[in-house]
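Reader: Please choose one part of this model and take me through it slowly, setting the residues in and around it side by side, and then place that part in its wider setting.

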Amino acid sequence: MSNTVLTIANLHAELRAGRKTGPGILRNVSLTVHQGEMHGLVGESGAGKSMIARAILGILPRSILISDGSIDCLGRQMVGLADSDRRKILGRDISLIPQDPLTALNPARRIGAQMTDVMRLHLGWSRARAHDAALALLNEVHIRDAEAVLRRYPHELSGGMRQRVLIATAFACEPKLIIADEPTTALDVTVQKQILRLLREMQNRHGTAILLVTHDLGVVAKMCRSLSVIHSGMIVEQGEVSDIVTRPEHAFTRALFAATPRYDRPADALSPVPGEVVRELEEKAATFDRARAGLS
Amino acid sequence: MGAFLLRRAVEAALTLIGVAIVVFVLVRVVPGDPIAMMISPGASEADIQALRALYGLDKSILAQFFIWAGHAVTGDFGTSISLRQNVVSLILSRLPATLELAAAATALAVALGVVFAVLGIMWSRRFPEKIIDGFNGVVLAIPDFIWALAFILLFGVLFPLAPISGRIDPRIEFEFVTNFYFVEALLRGEIAVLADLFAHGWMPALALGLPLAAIITRVLKGSLDQAMVEDYVTMARVKGFGRLRIVVGEALQNAAIPALTITGVQFTFLVGGTVLIEKIFSYPGIGNLAIDAVINRDLPLIQGLIVTFAVIFIFVNLSVDMMYALLNPRLRHG
């Protein structure tokens, strides 16, 4: 019995249109998350980090096809898993902390209903029992007057409060793995720090493994023990945070470190990451379009 | 809420005054003379003038309006010229039949519309969705009275399944206290009476409701389609909920708002549709009454009926506005 909760091996994903497949979105991605650890997945916009998160959850857009490789989560193969089997795992063993707390809660449903539904579905709890559990979870994420918050609608809460609610909900069924997809990107800078601290605190208490997807190497350096750096759909560097911070091997990682803003440097000393993911992708897409045009 | 209702009441009063003036003038300037409909051929000019004076039709339109309006504000809408009955009691005795028919048609339309929109989304991007869309397009193109005639030919003549005229079998011996037959039979638990009301009512209700059902299907399906890509829907998928639960439990309430708007607007067409449908099925409601009133140039009855229809429209619009707050929590307390 190994202590890994997530093993991604040689994952390839491609854009497809009809029977024709296009450029690789993910190329030979391998990644391991161990029990109870926080693993950082870092990369620029468009590098493919959210695609990895979506591939694990099985919510990739229809136009993206996993062409090769495997995603092993708690001994189950997630690639090609039947929908009915996947639904038993999602929410129960794997959960998600979304990027934008403002849109991730249903505006028409009360907070309480949106927190308890997942416990009632997977754990078969009664309304009353799930309600009590939701109260305890809200207390854990330091929301005062939890009873009243459960009766509120999302628009009555601030962005930071909503993200606290979503974090609490992610821990509701005591999952083995939580995917946090840029959990602070949509938040105010002053709130970001509190949310990260909260995430850390919750992880320590519950011992849940977390895959932290972010573009911010500074966040990973503070939060995670291990990390993977992704660039243009490929993992370019992987290992212990302490090793990589002191001796980054890949030029891209060094560039990412250089681009991380620091308070002890003047703002105009900002050095952007050289090269453009977007242009590379556009070139790939253009090639794909030409191939498709030739097909029709 | 109080201020909101007060504002709406003032708006409603102004609307009613406007409607009353327009209708009053219109029925008097269009060709056709109520007196000509009542006299026997060869009546003398003096008799005609006497009748004209009796009904006050010899006065100016302005004078006639103020006389009528003066009585109307006290609840007196005069006497029907053709039926020789009090207009208010005549309308009140026929109104329940129309309200029940319109309510049944709307309920059918909403039920069918929601079911087919949800089914269409369940089968999204698969073959059955195309069948629903195609069928819906056909239903959208057929007006209510064509359905009425088709039903009569199909279920009344070709396969005589159900009665094609009236509201209830006259042989049924049952003393109604009110004219809300359906509601009353339901409350008093009269199964046999209910069954007969159903047998008479399903064809006109379905004919009236089908065009609205098709509109609701199309609008609701479109807004459901948009709601299904929202982040909170993705969250529900990631929580492990099945597709039906997500469509009905997460997306439907948010998607219902545009559908409600269009239902409110189209409901006025549905009420207007009762005029023809009631005539086709000899259904004793105010629509049927309105056609007779127009044919007979029964001015007091026409005016009373138009005001009644206006009150119904105002009431429906008010209910639609209140339902927005029910569907969208962001509109409450505001």
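Author: A helix, as the word is used here, is a DSSP run of H or I with at least four residues, a strand is a run of E with at least two, and both are numbered from the N terminus. The coordinates are those of a predicted model, and the part I have chosen is helix α10 of chain B, which spans residues 231-238.

This helix is mostly covered, six of its eight residues being buried, and the buried ones are B:Tyr232, B:Val233, B:Thr234, B:Met235, B:Ala236 and B:Val238. The cover over these residues includes elements of chain A, namely α1 (49-57), β6 and α6 (159-170), together with α9 (191-227) and α11 (243-280) of chain B.

Within α10(B), B:Ala236 serves as a useful example, since its relative accessibility of 3% falls under the 20% limit and the residue therefore counts as buried. Once residues up to four places away in sequence are set aside, B:Ala236 touches B:Phe241, B:Ile246 and B:Glu250. As a measure of how far the chain extends from this point, B:Thr79 stands 157 residues from B:Ala236 in sequence and 62 Å from it in space, C-alpha to C-alpha.

One of the covering elements of chain A, strand β6, runs over residues 94-97 and holds A:Ser95. A:Ser95 has a relative accessible area of 6%, so it too is buried. With neighbours within four places left out, the contacts of A:Ser95 are A:Ala170, A:Pro175, A:Leu177, A:Ile178 and A:Ile179.

The region just past the helix is where charged side chains enter the picture. B:Lys239 and A:Asp117 form a salt bridge through their side chains, with a distance of 3.1 Å from N to O. The lysine sits in the loop between α10 and α11 of chain B, while the aspartate belongs to helix α3 (residues 111-122) of chain A, so this pair joins two chains. Both B:Lys239 and A:Asp117 are buried. The pair is also part of a network of salt bridges that links A:Arg109, A:Asp117, B:Lys239, B:Arg245 and B:Glu250, and B:Glu250 has already appeared above among the residues that B:Ala236 touches. Following α10(B) there is also B:Gly240, with a positive phi near 100 degrees.

Over all chains, the structure holds 19 salt bridges, and two others help to set this one in context. B:Glu129 pairs with B:Lys221, their closest N and O atoms being 3.1 Å apart. B:Glu129 lies in helix α6 (residues 127-140) of chain B and B:Lys221 in helix α9 of that chain, so the bridge ties together parts that are 92 residues apart in sequence. With relative accessibilities of 14% for B:Glu129 and 11% for B:Lys221, these residues are buried. Helix α9, to which B:Lys221 belongs, is among the elements that cover α10(B).

The second of these bridges joins B:Arg8 to B:Glu11, with 3.6 Å between the closest N and O atoms, and here both partners lie in helix α1 of chain B, three residues apart, or about one turn of the helix. B:Arg8 counts as buried at 17% relative accessibility, whereas B:Glu11, at 38%, counts as partly exposed.

That same helix α1 of chain B, residues 2-29, offers a contrast to the covered α10(B), in that it gives nine residues to a nonpolar surface patch, the most of any contributor. The patch has an area of about 950 Å² and includes B:Leu6, B:Val10 and B:Leu14 as well as B:Ile61. B:Leu6 lies in helix α1 of chain B and is exposed, its relative accessible area being 57%.

For the wider setting, chain A, which supplies some of the cover over α10(B), contains 11 helices and 10 strands, and 48% of its 296 residues count as buried. The largest nonpolar core has 87 residues, with A:Leu6 and A:Leu138 making the most contacts inside it. Apart from that core lies another of 58 residues, among them B:Ile35, B:Ala109, B:Ala207 and B:Phe309.

Definitions and conventions
Residues are numbered from 1 along each chain as its sequence is written. Chains are lettered from A and ligands numbered from 1 in the order in which they are written. This is a predicted model: local features need pLDDT of at least 70, side-chain atom pairs count only at pLDDT 80 or more; totals for chains, interfaces and linings use all residues. Side-chain values use heavy atoms; hydrogens and water are left out. Patches are made of residues with over 30% relative accessible area and no salt bridge: like charges are joined within 9 Å, nonpolar side chains (Val, Leu, Ile, Met, Phe, Trp, Tyr) within 5 Å. Accessible areas come from the Shrake-Rupley method with a 1.4 Å probe; for residues, only the protein chains shown count as cover. A salt bridge is a side-chain nitrogen of Lys or Arg within 4 Å of a carboxyl oxygen of Asp or Glu. Buried means under 20% relative accessible area, exposed over 50%, partly exposed in between (1.4 Å probe, protein chains only). A nonpolar core is a set of buried Ala, Val, Leu, Ile, Met, Phe, Trp, Tyr and Cys residues joined through side-chain atoms within 4.5 Å. Contact means heavy atoms within 4.5 Å.
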